[in-house]
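Biologist: I would like a close look at one part of this model, set against the whole chain. Please keep it brisk.

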Amino acid sequence: MDATVQQNADFSEEERDAVYRCIATRRDVRGQFLPDPVPDEVLARLLDAAHHAPSVGFMQPWDFIVVRDPAVKRKVHAAFATAHDEAADMFDGGRAATYRKLKLEGILEAPVGLCITCDRERTGPVVIGRTHQPEMDLYSAVCAVQTLWLAARAENLGLGWVSIVRYDDLRAALGIPSRIQPVAYLCIGKVSHFYEKPELETAGWLPRLPLRDLVWFDGWHQRRGDESLLDRLG
């Protein structure tokens, strides 16, 4: 048999169910972090998982900045606080008040911060799969975020994505060159609990949309009306 072909590549039913459980119970964690350190062997597994994410043209555009220094975390938190105040003014009335009450980060509480970046020049100006969609390198870096997120949940760790921050402020806090694009600042650590539903759903900010309202066939917003798949969607 060809040595390049994976042996025993099929997942068992139990393994399959574990993957779907991981997806369904993943949460964006903000306020439940515990101070327990994340062991190096666990963090190494998470980084290795992220490094095995799909990337267009196999360009692997990511770098990973592990943040443990409290002084550096304070710089990142200050950048968040500035953006958070700006964002609150973008919402109207009661929605602004609700926004200000939400816990939207765990920068100082989480034992580990992780910034994932994208080097858009890593493999040169012409990349397979990026010739007509130049943003695919950024999407590849986002795939690394999601892969790491699921790995963290499988390790029983919480992860929160801090997106309320200006890129240049994040560059300044972490010494990132101007040509490098920050993609995600993540907070990682053990947590006291995982919520049954996403926090913003629980808080009434937005509901989860019914999947069957988002699935179409052979064209934008097209259905014949007899698609049996719809009967299996929530």
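Biologist: How much area does the protein chain expose, and what share of it do carbon and sulfur atoms supply? After that, please go closely through helix H5 (residues 136–154).

Modeller: This is a predicted model, in which local features need pLDDT of at least 70, side-chain atom pairs count only at pLDDT 80 or more, and totals for chains, interfaces and linings use all residues. Residues are numbered from 1 along each chain as its sequence is written, and side-chain values use heavy atoms, with hydrogens and water left out.

To your first point: the protein chain exposes about 14,400 Å², and 54% of that comes from carbon and sulfur atoms. Accessible areas come from the Shrake-Rupley method with a 1.4 Å probe; for residues, only the protein chains shown count as cover. Of the 234 residues, 37% count as buried. Buried means under 20% relative accessible area, exposed means over 50%, and partly exposed lies in between (1.4 Å probe, protein chains only).

The chain has 7 helices and 4 strands. These are DSSP runs numbered from the N terminus: helices are H or I with at least four residues, strands are E with at least two. The order along the sequence is α-α-β-α-α-β-α-β-α-β-α. The C-alpha atoms fill a box of roughly 50 × 50 × 40 Å along the principal axes. Take the contacts (heavy atoms within 4.5 Å). Of those with a separation of 6 or more, 76% join residues 24 or more positions apart.

Now H5. Its 19 residues should span 27 Å at 1.5 Å a residue, and the end C-alpha atoms are 27 Å apart, so the two agree. The expected span is 1.5 Å times one less than the number of residues.

Which residues of H5 are buried? They are Asp137, Ser140, Ala141, Ala144, Val145, Leu148, Trp149, Ala151, Ala152 and Arg153. Their cover includes helices H1 (13–25) and H2 (40–51). Strands S1 (62–67), S2 (112–118), S3 (158–162) and S4 (181–189) are also part of that cover. After H5 comes Asn156, with a positive phi near 65°.

Asp137 deserves a stop. It pairs with Arg130 in a salt bridge, the closest N and O atoms being 3.1 Å apart. A salt bridge here is a side-chain nitrogen of Lys or Arg within 4 Å of a carboxyl oxygen of Asp or Glu. Asp137 counts as buried because its relative accessibility is 0%. Arg130 is buried too, at 14%.

Cys143 also sits within the residue range of H5. How many disulfides does the model have? The count is 0, where a disulfide is a pair of cysteine sulfur atoms within 2.5 Å. The sulfur of Cys143 is 11 Å from the closest cysteine sulfur, in Cys118, so the gap is too far for a bond. Cys143 is partly exposed, at 31% relative accessible area. Cys22, by contrast, is buried, at 13%.

Some other salt bridges give a setting for the Asp137 pair. The whole structure holds 16. In one of them, Asp89 meets Arg100, with the closest N and O atoms 3.2 Å apart. Asp89 lies in the loop between helix H3 (70–88) and helix H4 (93–101), and Arg100 lies in H4, 11 residues apart. Asp89 is exposed, at 61%, whereas Arg100 is partly exposed, at 46%.

Asp119 and Arg122 form another salt bridge, at 3.9 Å from N to O. Asp119 is buried, at 7%, and Arg122 is partly exposed, at 33%. Both belong to a network of salt bridges that also links Asp63, Glu121 and Arg179.

Finally, the surface. Phe11, Val19, Tyr20 and Ile23 make a nonpolar patch of about 450 Å². Patch residues have over 30% relative accessible area and no salt bridge; like charges are joined within 9 Å, and nonpolar side chains (Val, Leu, Ile, Met, Phe, Trp, Tyr) within 5 Å. Phe11 lies in the segment before H1 and is exposed, at 60%. Phe58, in the loop between H2 and S1, is exposed at 64%. Its phi is positive, near 55°, although Phe58 is not a glycine.
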